[in-house]
Amino acid sequence: MKLIFTCITLLSISFAFTQNAETKAVPVFQDGEAQIVEAFNTPDKWIRHDLWVETTFDTDGDGKLDQMHVDVTRPYQTDTEGLKLPIVYESSPYYAGVAPDVDGVFWNVKHELGATTNERVHPEVTRLGERPIISNSQIKTWVPRGYIVVHSSSPGTGLSQGSPTVGGDNESLAPKAVIDWLNGRAKGYTEPDGNETVEAFWSTGKVGMTGTSYNGTIPLAAATTGVDGLEAIIPVAPNTSYYHYYRSNGLVRSPGGYLGEDIDVLYDYIHSGDESKRADNNKRVRDTEMKDGMDRMTGDYNDFWAGRDYINDMQPMKAALLMSHGFNDWNVMPEHSYRIYKKAKAMGLATQIYYHQFGHGGPPPISMMNRWFTHYLHGIDNGVENDAKAWIVREDDKMNEPTAYKDYPNPDAQDITLYLSSGAPGVGGLHINSAGKKQGAETLVDNYSFTGEALARAEITKHRLLFVTPTLTEDLHISGVPKVTIKLASSKPAANLSVWLVSLPWNDGQRAKITDNIITRGWADPQNHRSLTESEPLKPGKFYTVSFGLQPDDQIIKKGQQIGLMIFSSDKKFTLHPEPGTELTVDLDNTSLTLPVVGGLKSFEEAIKK
C-alpha cells in the first residue's frame, strides 16, 4: 500500500503545556505531527544571534581549544514567555563558501595503475557570510512548528576555529560540543576567545540533527560520540566512509561527476577558515596526514581510511536513526546509508530507511521527518516506532508517495545464482543453471575512451563482455545487494575491474530518468583478491577469483526487458585511465552473478517463462 501514516487522534490537539494554552504560545500536535503555530510563524520577530562554543580539541595547533561558530534562530516567546523548545540542528563545512573550480584542481587520472602523477592545483577559498546568520536552512520548516533551529560551521570553515580533517575525530567532537552547550555542559561565548558567556536557557536539551551529503554525514558523526541530548538524526545521502567514497574494493575510484577528486581535494574545497591559520593547517593535515594516508598508489584500506569510516565508531551511538538515500546516487552511493542502517538495526537502535529512485539528495517526506522529530524531541506518543521500517519510492511514483515495506532488503527476497554462457564479442547468456558443457574463457580489451553506456548498447565490441537473461515476460522485483564472483586473468600486473548490471534494451531517452537502464554497478581491484588491506601485483596470465557486492538496489524490472551483466575494465567516468590495451580474460565456468529476487527462484522462473 502507498504511504498512509497512522493517524493518532490525541485527546486534545495539544497536551503539552495545556495549562497555559490560553495565554502563551505552545507547540501544537495533530495526528502525531507538530503543526504550524501562527504565533511562531513570525519571521520578523524571530530572535537570531550567534556565539562560539568551546570544544575539547585544538586542531590548528595554537595551544588553545578550538571554538565553533554557532547561530540560533528561535521564536520570540523563548525570551518573553519563558518557553523552552527542542532543537533541530544542522552543521556544515559549506556555509562560508567553497574553493573555485579551476583547471588542475582534480588529480590527473590518465596514467597507469600504481603510478604517480603531477601534483594538482590547490585553490583558496574566499570566506563568505556576515554575522550573525550562518545559514537559513531548516528555519522556515521547523521554527513555525515549535522548534529552535541551530547551525554551526564545522572546524576550520567559516568563523569556526581549527582545521578541517574530512572525517577526522574533530568533526565528530565539534557538533558534540554544540549539543553539550545546548544541555549546559559546555561553554558558549559572545565572541571568539571572549569572556562573556552565553547560556542556552531556552533549550529543552533534546536535539535532532539533519542535513544532506556532508551535512548529512555530520549528524552521524555526532551520534557516534554517544552524546546525551542527541535524540534523533535524519541523515540524507550521508558519506559514512571516505574510503567507500574515494575507493572501491581496493580500486582508486572517483565519486560520480567528480573524476579525479580525492580526500585532499575536498579538504581544499571546504577550507574557508582563518586565513592566517591555513598554511599551518595545510602542512599538518593535507600535506602530511592525508598525503601519507590516502595512498592513491594501491587503493588499499588502511588506518587512515579506517579512522574515517563511521561504522567503526558506532558502539556508543544511541540516537534514533531515519536514513534517506537515492538508489541512483552515483556520487555518495547508496551503500553509505545501507551499511549504517544495517549496523544500527543490529545494535537494537530505533531505525527507519527511506529510498527513492533518483540521484543525490532527497529528504524523506516532511510528514515522515515531522513524526520522527515529534516523537523523539517533543516526546509525543505518535506510534512512529511501529511504522514500517522501510519506505521505497517506486519507479513511477512521486517522492512523497513511498511504498511501505517490512524492511530493506525486502524480507521476501532470496538470492538466486545466475551462470554465464559464451557470446563475445556479441552477447552471451545469463541462466539459472550452468550450461552443462564447458563455456571456456572470453577476453575483453580495456579502452577507457568508451563510456559504460556505449559499451552496454553496443551489439558487438571487444571492449566488454555482456551476458543477458531471456526477455522477461513478467515484472521482476530485485531488492538487496547483488554480488559477483569473477575468475579472471590480466595481461598486466594491474587492471581496473568494472561491473554494471543493466536493463536492456536501452531506452534511448524514452523514459523520464536517464538512469533507468543502469540497475546497479560496482568496481574492484583484482590485486586485492585476497585482502582489502594488502594488494599484490597480478601475474600476467594467471587466473584469480574476485568476489564483491554491487551497490544495493530495490527496483522492479519491467517485462519486455532483459537483465544484463556487463564486465569491463576502465570505467570512463569513475576509474583511472591507463593506456588502452590491457586484456582481461574471464573464465565463464567459474564466474556468476548472485541476484536478490523478491520471491526467489520461483519468481525468476515465472518471469522468464515463455
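Biologist: Happy to look at this with you! Leaving aside neighbours within four places in sequence, which residues is valine 105 in contact with?

Modeller: Glad to help, and bear in mind that this is a predicted model. Contact here means heavy atoms within 4.5 Å. Once the neighbours within four places in sequence are set aside, the partners of valine 105 are Arg120, Val121, Pro123 and Val265.

Biologist: Is valine 105 buried or exposed?

Modeller: Valine 105 sits in the loop between strand E5 (85-92) and helix H2 (139-142). Its relative accessible area is 7%. Buried means under 20%, so valine 105 counts as buried.

Biologist: And how far apart in space are valine 105 and serine 490?

Modeller: Along the sequence, 385 residues separate valine 105 and serine 490. In space, C-alpha to C-alpha, the distance between valine 105 and serine 490 is 32 Å.

Biologist: Let's step back to the whole chain. What is its radius of gyration, and how does that fit the globule rule?

Modeller: The chain has 12 helices and 28 strands. For 610 residues the globule rule gives 25 Å, and the value for the chain is close to that, so the chain is as compact as a globular protein of that length. The radius of gyration is 26 Å.

Biologist: What share of the contacts with a separation of 6 or more joins residues 24 or more positions apart?

Modeller: Buried residues make up 60% of the 610 in the chain. Among contacts with a separation of 6 or more, the share from residues 24 or more positions apart is 76%.

Notes
Residues numbered from 1 in each chain as written. Predicted model: local features only at pLDDT ≥ 70, side-chain atom pairs only at ≥ 80, totals over all residues. Heavy atoms only, no water. Helix = DSSP H or I, 4+ residues; strand = E, 2+ residues; numbered from the N terminus. Rg over C-alpha atoms; globule rule 2.2 N^0.38 Å. Buried < 20%, exposed > 50% of the residue type's maximum accessible area, 1.4 Å probe, protein only.
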